[in-house]
Amino acid sequence: MPHIENNEEFKGLNVNDGVEQPPIINPYRKSRIKKKELTVNDYVEGIISGNRTILSQAVTLVESFLPEHHAVAQEVIEKCLPYAGNSIRLGITGVPGAGKSTFIEALGTYLCNKGENLAVLAIDPSSERSKGSILGDKTRMEELSVAQNAFIRPSPSAGSLGGVARKTRESIVLCEAAGFNTIFVETVGVGQSETAMHSMVDFFLLIQLAGTGDELQGIKRGIMEMADGITINKCDGNNIEKAQLAKVQFQNALHLFPMPESGWTPKVTTCSAFEKINIDEVWNMVLEYIRFTKKNGYFDYKRKQQSKYWMYETIDEYLRTSFYNNPIIEKLLTQYELKVNNNELTSFAAAHKLLDIYKDL
């Protein structure tokens, strides 16, 4: 089709070339500077000097599943070990809705105001479908998250035992090396698998509620036996009488259990995290336990037992990962699944055959 501007009737008109278009790429935008890759010494020096940014990066490194990150992280942890161990490790768990995050903020703010350096390792539940996690603890702890001497690190549970993140113990070491003398570990809720968290803290605190019906219903005996102390939260307003009654019920229940190995008789307190009532009483209970166990030698004994426990846990985890990531086993798994489904092999026989093949590789 001929251009209309070439017709005779437009002979006296000139056609301009138009305005030159600017380049697609913004010439004023600075090219992205490649982030400097930190060495092991950079991580260690940053952590020991109390650099929060480097501490956060080191915890991310510890939580990474990449083999190259794992090697660097282990070296960093090893070099930080001489600077670790000088803290009170407090594990906090409780039924959903017990107010764990509110309690942590209340107790954490109380400690920060006393000049303590606090690190909170809050474990967020991961979705079983997407494996994603909201990591919203910082938004729920508004006051504590802006405290200068507090460090809050939410981590996804990633389906690990008891909701405790796989690398929380290593994160504790890094936080201690960074100068934090109080460490809180919060889990996603009550369950028999809270053993994992119990095996990395000095004091295991169980948060309970009153006025929910049978106060002892749904509380596993194992959890009650592991607890070094119980606090009945939300003891305020019309709930004070119910909380006091629940306190008596829990005290009576604890007396039925055998004496703990520590020799400490677990105590029960009441508090209101929202109103910040009796928060100091809970902390005094923790300090009393620490003094008691340090005096009778159980404090150091327990930490040594925990180190041994996590050595075996690490071996188990490594063997499990090595087995499932083996390319030969990966191919055979599907075949043996079909045999089990077709009743050609029992589940146990299939498992033993796969393990025998793995041992011979």
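Which residue of β5 does Ile 92 stand opposite? That partner is Leu 205. Before we go on, note that this is a predicted model, where local features need pLDDT of at least 70, side-chain atom pairs count only at pLDDT 80 or more, and totals for chains, interfaces and linings use all residues. Residues are numbered from 1 along each chain as its sequence is written, and side-chain values use heavy atoms, with hydrogens and water left out.

Let's stay with strand β1, residues 88–94 (strands are DSSP runs of E, at least two residues, and helices are runs of H or I, at least four, numbered from the N terminus). β1 pairs with strand β5 (residues 203–208) in the parallel sense over 5 bridges; pairing takes at least two DSSP bridges. Another 5 bridges link β1 to strand β4 (residues 182–186), also parallel, and here Arg 89 sits opposite Ile 183. 7 of the 7 residues of β1 are buried, so the strand is largely enclosed by the rest of the structure. Buried means under 20% relative accessible area, with a 1.4 Å probe and protein chains only.

Now for the helices. The axes of α4 (residues 100–113) and α11 (residues 279–296) come within 10 Å and cross at roughly 75 degrees. Those axes are lines fitted to C-alpha atoms over the stretch in contact, with angles running from 0 to 180 degrees between N-to-C directions. That makes α4 roughly perpendicular to α11, a label for angles of 65 to 115 degrees. Among the residues in contact (heavy atoms within 4.5 Å) are Phe 103 and Tyr 110 of α4 and Trp 283 of α11.

How values were computed. Angles under 35 degrees count as roughly parallel, over 145 as roughly antiparallel, 65 to 115 as roughly perpendicular and the rest as oblique. Buried means under 20% relative accessible area, exposed over 50%, partly exposed in between (1.4 Å probe, protein chains only).
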